[in-house]
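Please look through the structure below with the sequence beside it, and follow the side chains, the loops and the helix packing in turn.

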Amino acid sequence: LTRRGLVERDDRGRYRLGVGLVALGLGILEREPVVIAARPVLEHFASELGETFFLVAARAGALVVLEKAEGTGFLRAAPRVGSSVPVHATAVGKLYLAFSPGDVKAPEPAPQDLAAYTGRTLTDPRHLADEVEAVRARGLAWNRDEWVPGLSVLAAPVYVGDRMAASVALALATPALAAHADGALEKRVREAAARITARLSGAGPAVGA
């Protein structure tokens, strides 16, 4: 059951329902505190920027999309809630490798390099390690065409106490980056992550404030 993601074990060894049950239509994500806290924040920022925001977290060693709020761009359909995303080729994956590596299964070279999804995927483990160090230093991660051609993603961590509980990610078409300053996008994603973190602690402000 654990291997199939139907149940999970927390850090105290206790079992709980796993995200794999989403495929069975049981809707357990609706009851996840992080999803409840994130939903209005994702909707607010998706509406404000017109781009899609995702909430992604580690479940049974994999990175799973827990919630999303769609923007108006071409990325509205994917990835869907309940689907998994790769670790080394995504912004969210780099965040987990930087701040909570024990929560994800480390990407394995096969046989010498990591799997290439596009020509921009970091396939050399040494280059990935350097990128993870840079992510750790700046506190957020970028993915520019590394997983899907034409897709760029910026992600920041969501915390419960000092533990990374999830990541909020902004996804947009790579050509659309020209209309935004990197610093402005980074500020909005950091703010979204901070608001979800605050709501999880019970100290969050009004979503639109």
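In this predicted model, the charged end of R144 is placed over the ring of W142, at 3.9 Å from the ring centre. That distance falls within the 6 Å allowed for a charge to sit over a ring.

Next to R144 in the numbering comes D145, a residue of the loop that joins β6 (141-144) to β7 (151-160). Although D145 is not a glycine, its phi is positive, at about 60°. Most residues other than glycine have a negative phi. With a relative accessible area of 15%, D145 counts as buried, because the term covers residues under 20%.

A second residue invites the same kind of reading: A60 has a positive phi of about 55° and is likewise not a glycine. The loop that holds A60 runs between β3 (52-59) and β4 (62-69). Is A60 buried or partly exposed? Its relative accessibility is 42%, so A60 is classed as partly exposed, since that class lies between the 20% limit for buried residues and the 50% limit for exposed ones.

Strand β4, on the far side of that loop, contains K68. Despite its charged side chain, K68 is buried, and its relative accessible area is 17%. The side chain of K68 makes a polar contact with the side chain of E70, at a distance of 3.4 Å.

Aromatic rings come next. A pair of aromatic rings is described by the distance of the centres and the angle of the planes. With centres required to lie within 6.5 Å, the model holds one aromatic pair. The partners are F45 and F53, whose ring centres are 6.0 Å apart and whose planes meet at 45°, so the pair is tilted. Both F45 and F53 are buried.

The last step concerns the packing of helices. Two packed helices are described by the angle between their axes and the distance between the axes. Here helix α1 (residues 33-49) packs with helix α4 (residues 182-201) at an angle of about 150°, and their axes are 9 Å apart. This angle makes α1 roughly antiparallel to α4, because angles over 145 degrees fall in that class. As for handedness, the crossing in which α1 passes α4 is right-handed.

Notes:
Residues numbered from 1 in each chain as written. Predicted model: local features only at pLDDT ≥ 70, side-chain atom pairs only at ≥ 80, totals over all residues. Heavy atoms only, no water. Phe/Tyr/Trp six-rings, centres within 6.5 Å; stacked < 30°, edge-to-face > 60°. Buried < 20%, exposed > 50% of the residue type's maximum accessible area, 1.4 Å probe, protein only. Lys NZ or Arg CZ within 6 Å of the ring centre and 35° of its normal. Helix = DSSP H or I, 4+ residues; strand = E, 2+ residues; numbered from the N terminus. Polar contact = N/O pair within 3.5 Å; in protein donor to acceptor, adjacent residues only side chain to side chain. Axes fitted to C-alpha atoms, helices over the stretch in contact; angles between N-to-C directions. Parallel < 35°, antiparallel > 145°, perpendicular 65-115°, else oblique. Left-handed = near helix turned anticlockwise from the far one by under 90°.
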